[in-house]
Every structure is written in structure tokens, then in C-alpha cells.
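Visitor: I should like a close look at a single part of this structure, namely the nonpolar core and what surrounds it. Please set it in the context of the whole model.

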Amino acid sequence: MYAKLTRILIAAFSIVVFSAPTVFAQDTSQQESLSPTQAWIQGIENPNLGYRSWIHGIVPPESISIEKQTGIDATINAATAPVAEFIGKVVFFKIPFFGTDLPVVVLWLVIGAVFFTVYMGFINLRGFKHAIELVRGDYADPKSKGEVSHFQALATAVSGTVGIGNIGGVAVAVTVGGAGATFWLIVAGFLGMSTKFVECTLGVKYRNEFDDGHVSGGPMYYLRQGFAERNMEGFGKFMGSFYAIGIFIGALGIGNMFQSNQAYVQLNNVSGGALDGLGWLVGLIMAAVVFIVIIGGIKSIARVTEKIVPFMAVFYCVFAIIVILMNANTIPQAIANIFSGAFTGEGVTGGALGAMIIGFQRAVFSNEAGIGSASIAHSAVRTNEPVTEGIVSLLEPFIDTIVICTITALVIGTAQVADPNFAGDAVGVAMTSAAFEREFTWFPIPLAFAAVLFAFSTMVSWSYYGLKGWTYLFGEGVNGQNIYKLLFCAFVALGCVVQLGPILDISDALVFLICVPNILGLYFLAPVVKREMDSYFARIQSGEIKKFK
Amino acid sequence: MSQKILVALDGSAGGKRALEAAAKHAMLTDSELILSYIIDWTPYSFHTPEELEERHQRRESEIQRANESVLEPEARALKDSGLSIQTVVRHGKIADALVDVANEFGVSQIFLGRLGESRLHSMVFGSVTSALLQNSKVPVTVVP
């Protein structure tokens, strides 16, 4: 039975990966009816930036448009563009679906999330209360005080995912998918909780403990070991290495150049263009700060940002709620729009299905469920019960997608009801910023500040994810790790100076490509997780695992 | 049965004075001394992923340092007194952890040195001493 399932899954995987390039030629046939903004966002007019605007919800201002390129970056771009375009088209390969385009990778992630939700018996609902109890420390053994707490693991993982996408990406989703996209965003966030549960439980269960007591874990480790346990050692090794390469390259792009670039853009915008042409300076400063943190071991700077990021997230949510309440009379209409749009999708490309796909897509890109990054962060936690880390990680898509993204959507939604044209031509972060600006004219400044900090904390988190990919491939040697870290810092500086669009596209695509082996591994290992989960809950029920508070 | 006295040490002069006073008291009452070192720690702080990974090793070394540089030398110095001595290292909020240790060992008294926290510090973060006074179930002696 299992062997059969295995073969079917491998066949399905091969079909997706290998058939994509031959079919993607159909891709461009569908898109005549889009407005220029929509077309731009979907990356038709500007394919080099298109995938990125989708993933991160960022619409880069003129200052970084690709026409300006001269010198080295132009050469590199010219050389890498065809590769980027190819990989991008394969990974974000879209199938026409009732008059709209559905990227297969999103379908793959959503099907996985639905399967894990059902297979784990709605762990995203059942485990929610227990997750809060764990984070509160109700089950924390006093003897293990001083070890990483569940709260700390959660906070670290959340600051890796909460970012500019929560602010700008939602705006793009609402522009393209209409208010109804918000509904599907919430649904996808809810389903994503189950995927996170499975991947984080496995991360802890199959992590590698070294003699000196430090641990390395994440999808590359559970893919290798999990498949080896099923007598598919070679396949497991291939998948593990593939994942490690993907997360390593992704860490230099999505988790690095893109972040430093956006931080620079935000700073430049808010200072009214005073930093034009000073990208090299901003880049060097940011690289220096990252250098101090990840190589210099001066953790206090990181600790400060790690403290400010949750604070900024709370600050953002509080002000968002205030803005929503200031438009209280428009709330019922805004909520009605979300529900009616979800099922009718009036005025949206592809109707309700279009809204659904866009909402799903935004959620998947935002909370990283299925990509496996959080699994790496959670693996560092010492616990005898891998399931507890999985349950705590349920809260990440909840916080990231269901709370923060939804609040952003409501800010925009209420503003739209009050004044359908409030943002003018602005999209992405600028649109969200405009919605806030209607009530608080000074808001763009703290918003830009928050964006810079989000970018920084994302860089710190991803430097670690990339490092784990690197050490998986090249071993745990200190010199090797330092080479990686230097490389990482160099890319921080580069991100502000050169516009390596195609390289970023490759990185973005790879980050989403690694969800293919990851989810495949999750299917195979889901029975292991289910066993652990059932045993864990049985022991809670029987009182074998006790509350300490 | 002999009573137990908990002494809060932190490597400071105040802690040493508290220990002197507690030792005198223990000799008079034939009590056992519990020397404790609490490492200030909260489960609600924010860290980078790398710090999470190093946390276990760091915790071990913190405990080792507390034992080697504070608790063991103090216990050795009191060896000749004939007092029976136990040592304990814990992580946590200092006042709460002391109360927990006191409960766990069933002590009848707690001795600690005055920490000399500034007024501003206490205003912002609350004073460890007064938090302990409020929460302790046994008498607390603060040694100036």
C-alpha cells in the first residue's frame, strides 16, 4: 500500500517538474484583458520584476527600474536573465483555470495544507488552545528553565516571516483579487497552520545532534533520514541536498539582497529622495551591521532589533485597528465586500476563483508554510517532545496571515469603502501607507522605519537558514561557516547597489521550488507525525504529561 | 530535624555579607545551609536563531560558572565550620526563583544581601528585594 503511494507521488512529482517547461509556452495567451497596473503586477510587462512583486507585494519605484543599469550589473543581468526566466516560468508555471491563471506551486502547497489538515484531524483547531498553553509555559518543566522556551522559538520564527509582505503584499492582493481575496487569504492561513505543524514536528524529530551539544535540523535532515528509513536512501540524499542548495541560494536573494534593497528604497522614499545614488553607503552600513551581528557575535544589536520587531508588529496592529475603528461606519460594508467578493468576485479577473487563487497565493508567500524555513528555526529547541514545537508553530501562520495580513486588508478595505480612489495609482506598500495616511499624516515615517527593521530581522533569520543549508552541504567547519557569512554580508551591500533582478528571480523561484521536495517529504513522513501526535495527546489525556502551573 | 536556611548569592559583596550572617545563624540554630545562585532569565525574551541554537551550551556554561566561581569557593570556605551545605543553581526571575527554591527545599528562612538597586531601576523594573518580600512564604532577612 505504502510502496504504491510512494510510486504515485514520485510519478506526480516528476510530471510536475519535467512537464512544466514543455507546457509553459501556453502561459502568455490569457492576459489581454488586464489593466496596465495588473499587467505590471503580474509581471507581463516587466517579467524581471514580476515574480518578485507577486511574492513580496512590492512594486519598486522608478529609482530601481531596470533601465538604469550600467556596468557590471547589466552584464550579470544579461547573462543570467534567460536562466532566471526559465526557472521562474517553470516554478511559477501557471495553468489556465476557468479563465484565470493558477500557479502550480500554489496548488501544490494548498493541496498539501488541505491534506495535512484532514489527516491530522484538524490539528489547527484542536491544537490551538494547547499551543497557547505551551507558549504561556504551563507545561514547562522548572528544571529546564534557561533552555529555549516555546515563546522564544515562536518569536524567532515569527520575526523571520513577518515582513514587508504583510504590509505591501496584502495591498497587491486586494488590488488584483478584490476584497474577496482577503477571505481566501484567511482560509489559506488557517490551512497552512497544519503544514507548519507537520514540518516543525519533523524538524525537531530528525535533527542532527553533534557531539558538542549543538544541533542542526530542518527539511534537509528529515528528507535524508526519512527517506532512508523507507529504503530510499539515494532519493533522500538527493532531496536533502536539493533542499539545502535551494535554501542557501534563497537566503542570499529573498532573505538578503531583496531585503537590503527594500530597506534602502523605504529609507530613500521617506527621506524624499535624499539618499539617491547613496545606495553604496546604505549598503555598506547595513552590511557592517549584519557583519557585527553574525560574525562579530555582537548579539546585542540583533537582540535590540529582535525586541523592536515584535514591538513594531504590535504597534502596527494597534494603529491599524485604530484606523479601522476611525472608519467604523464603513466596517460592515468592508466585511460584506470580503464575503461577497469571496464567492462572486465581481470585477476581478477570473471572478471568485481569481480572488481565491490570489488570496491563497498571498497567504502561501507570506507565512512560508510548506517552504520549511520555520522548521530550521524550531529545530534548535531542546525538547523531548517534537510535537510540542509543531503545536507552537501552528501560531505562526495564525499571527502572520490571519491576524496581521487580515488587519492590513481591513485597513485598505475600510478606506476603499470610504473613498474608492483613496490611493490614486499607488500599489503595494504605498497603497497601505496611503490608507494609514488618511488618518495619520505622519504614519509613513514609522511605517518606513518598521519596514527597515522587518528587513533587518528577516536578514538575520535567513542568514541562519542559509547557513544551515551551507553546513549541510559543506560540513560544520568554522572556516567554511565564516566564508558563508562573509558572502552573506557582501550580498547585503550588493543588494543596495546593483539591481540584479534575474538573480533575485532565481532565488525567489528556488525558495518556492524547495517546497516541492519538502511537501513530498511531509507526505511520506506524515504517518510518523500522526503517531507522535496521537501518543502525545494520549499522554496529556492520561495525565502522564502534567501541567506545572 | 534541623532547619534549612536559604542564602541568595550572586558573587557580590552583599551576597557574601548575607552568607556570613546566615552562617552565624545556622551555627546557633544547628541549621543546614542552602547556597543558591539564580541566573536572571526570562522565557519571554527575543533571540536570533543562532542564539537559540547555542542556548543549551550557554546554559551549561552559565551553571558551571556559577558553581565554580561562586558556590563552590563559598562552600569550601565554610567547610571547617562543620555546617552541612547544599548548593543549587537555577535560571529564572530572581525573586520568583528564590521562592520556588525555598518551597522545593522546605527552608525556614531566606537570607539575601541588599542589592543596591537604584531608585530609577526599581521604578522601571521593580525591586527584586521587595518582590521577594511580597511573595516569600517564609521570613526573609535582608543583610545591608
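Guide: What follows begins with the core, moves along one helix, and then turns to the pocket, two backbone features and the confidence values.

The model is predicted. Its largest nonpolar core has 155 residues. Within that core, the residues with the most contacts are Phe197(A), Ile391(A) and Phe512(A). The element that gives the most to this core is helix H21 of chain A, residues 444-474, with 16 residues. Separate from it is a second core of 21 residues, including Ala26(B), Leu35(B), Ile39(B) and Phe111(B).

Ile391(A) merits a closer description. Leaving out residues up to four places away in sequence, Ile391(A) touches Gly127(A), His130(A), Ala131(A) and Leu134(A), and also Phe197(A), Tyr536(A) and Phe537(A). One of these partners, Phe197(A), is itself among the residues with the most contacts inside the core.

Helix H18 of chain A covers residues 386-393 and has the highest mean pLDDT among the elements of that chain, at 95. Thr388(A) is found in helix H18 of chain A. Thr388(A) counts as buried because its relative accessibility is 5%, under the 20% cut-off. Apart from neighbours within four places in sequence, Thr388(A) is in contact with Leu134(A), His150(A), Thr383(A) and Tyr536(A). Leu134(A) and Tyr536(A) are also among the residues that Ile391(A) touches.

The wider setting is chain A, which has 24 helices and four strands. Of its 549 residues, 61% are buried. Among contacts in chain A with a separation of 6 or more, 82% are between residues 24 or more positions apart.

The largest pocket comes next. Its volume is about 1300 Å³, and 43 residues line it. Tyr139(A), Ala140(A), Asp141(A), Pro142(A) and Ser144(A) lie nearest the centre of the pocket. Two or more lining residues come from each of helix H7 (128-136) and helix H24 (515-542) of chain A, and from each of strand S3 (85-92) and helix H3 (94-105) of chain B. H3(B) provides the largest share of the lining, five residues. By class, the lining comprises 19 charged, 15 nonpolar and nine polar residues.

Two residues stand out for their backbone. Most residues other than glycine have a negative phi. Glu368(A), which is not a glycine, has a positive phi of about 60 degrees. Glu368(A) is placed in the loop between helix H16 (351-367) and helix H17 (373-379) of chain A. With 9% relative accessibility, Glu368(A) counts as buried. Asp30(B), also not a glycine, has a positive phi of about 55 degrees. The loop that holds Asp30(B) runs between helix H1 (13-29) and strand S2 (32-40) of chain B. In contrast to Glu368(A), which is buried, Asp30(B) counts as exposed, because its relative accessibility is 58%.

Finally, the confidence values deserve attention. The mean pLDDT of chain A is 81, with 82% of its residues at 70 or more. Helix H2 of chain A, residues 36-41, has the lowest mean pLDDT among the elements of that chain, at 47. The pLDDT is below 50 over residues 16-50 of chain A, a stretch that has 56 contacts in the model beyond near neighbours in sequence. Residues 59-69 of chain A likewise have a pLDDT below 50, and that stretch has 16 contacts in the model beyond near neighbours in sequence.

Key
Residues numbered from 1 in each chain as written. Chains lettered and ligands numbered in written order. Predicted model: local features only at pLDDT ≥ 70, side-chain atom pairs only at ≥ 80, totals over all residues. Heavy atoms only, no water. Core = buried A, V, L, I, M, F, W, Y, C linked by side-chain atoms within 4.5 Å. Buried < 20%, exposed > 50% of the residue type's maximum accessible area, 1.4 Å probe, protein only. Contact = heavy atoms within 4.5 Å. pLDDT = per-residue confidence, 0-100. 1 Å grid on protein atoms, 1.4 Å probe; cavity = no way out; pocket = protein on both sides within 12 Å on 5 of 7 lines; lining within 4 Å. Points joined across faces, edges and corners; volume = space filled by probe spheres on them. Nonpolar A, V, L, I, M, F, W, Y, C, P; charged D, E, K, R; others polar.
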